[in-house]
Amino acid sequence: MDITTLRSLATLLAFVVFIGIIWWAFSRRNKSGFDEAAGLPFAHDDAAPPQHHTTKETK
């Protein structure tokens, strides 16, 4: 097995993983979850955001 064969196998594996990700992303069973995630930036919280206080510790 030479370096060219290893490179070819790595390319083939990367292509198969790429096709798997595309298939997963466009799968109908994931559509509802993706639609919910797409609306998250526009969701309004009625509660006030938490206040971040910074304190310096003195020794």
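A salt bridge is a side-chain nitrogen of Lys or Arg within 4 Å of a carboxyl oxygen of Asp or Glu. One such salt bridge is found in a search of the whole structure, which is a predicted model. The protein has 59 residues, of which 3% are buried, and its secondary structure consists of two helices and zero strands.

**Overall surface**

- About 6400 Å² of the protein is exposed, and carbon and sulfur atoms supply 64% of this area.
- Helix α1 covers residues 3-25, and helix α2 covers residues 31-39.

**The salt bridge in helix α2**

- Side chains of opposite charge can pair when their charged atoms come close.
- In this model the salt bridge joins the side chains of lysine 31 and aspartate 35, with a distance of 3.0 Å from N to O.
- Lysine 31 and aspartate 35 are four residues apart in helix α2, so about one helical turn separates them.
- Lysine 31 has a relative accessibility of 49% and therefore counts as partly exposed.
- Aspartate 35 is likewise partly exposed, because its relative accessibility is 46%.

**The aromatic pair**

- A pair of aromatic rings is described by the distance of the centres and the angle of the planes.
- The structure contains one aromatic pair.
- This pair is formed by tryptophan 24 and phenylalanine 34, whose ring centres lie 5.4 Å apart; the planes stand at 90 degrees, so the arrangement is edge-to-face.
- Distant parts of the chain are linked by this pair, since tryptophan 24 belongs to helix α1 and phenylalanine 34 to helix α2, ten residues apart.
- Tryptophan 24 has a relative accessible area of 49% and is therefore partly exposed.
- Phenylalanine 34 has a relative accessible area of 34%, a value that lies between the limits of 20% for buried and 50% for exposed, so phenylalanine 34 is also partly exposed.

**The nonpolar surface patch**

- A nonpolar patch of about 1200 Å² lies on the surface, and its members are Met1, Ile3, Leu6, Leu9, Leu12, Phe15, Val16, Phe18, Ile19, Ile22 and Phe26.
- Leucine 12, one of the residues of this patch, is located in helix α1.
- Methionine 1, also a member of the patch, is placed in the segment before α1.
- The relative accessibility of methionine 1 is 80%, so this residue counts as exposed.
- Apart from its neighbours within four places in sequence, methionine 1 is in contact with Leu6 and Leu9, and both of these residues are listed in the patch.

Conventions
Residues are numbered from 1 along each chain as its sequence is written. This is a predicted model: local features need pLDDT of at least 70, side-chain atom pairs count only at pLDDT 80 or more; totals for chains, interfaces and linings use all residues. Side-chain values use heavy atoms; hydrogens and water are left out. Patches are made of residues with over 30% relative accessible area and no salt bridge: like charges are joined within 9 Å, nonpolar side chains (Val, Leu, Ile, Met, Phe, Trp, Tyr) within 5 Å. Accessible areas come from the Shrake-Rupley method with a 1.4 Å probe; for residues, only the protein chains shown count as cover. Buried means under 20% relative accessible area, exposed over 50%, partly exposed in between (1.4 Å probe, protein chains only). Contact means heavy atoms within 4.5 Å. Rings of Phe, Tyr and Trp (its six-membered ring) pair if their centres lie within 6.5 Å; planes under 30 degrees apart count as stacked, over 60 as edge-to-face and the rest as tilted.
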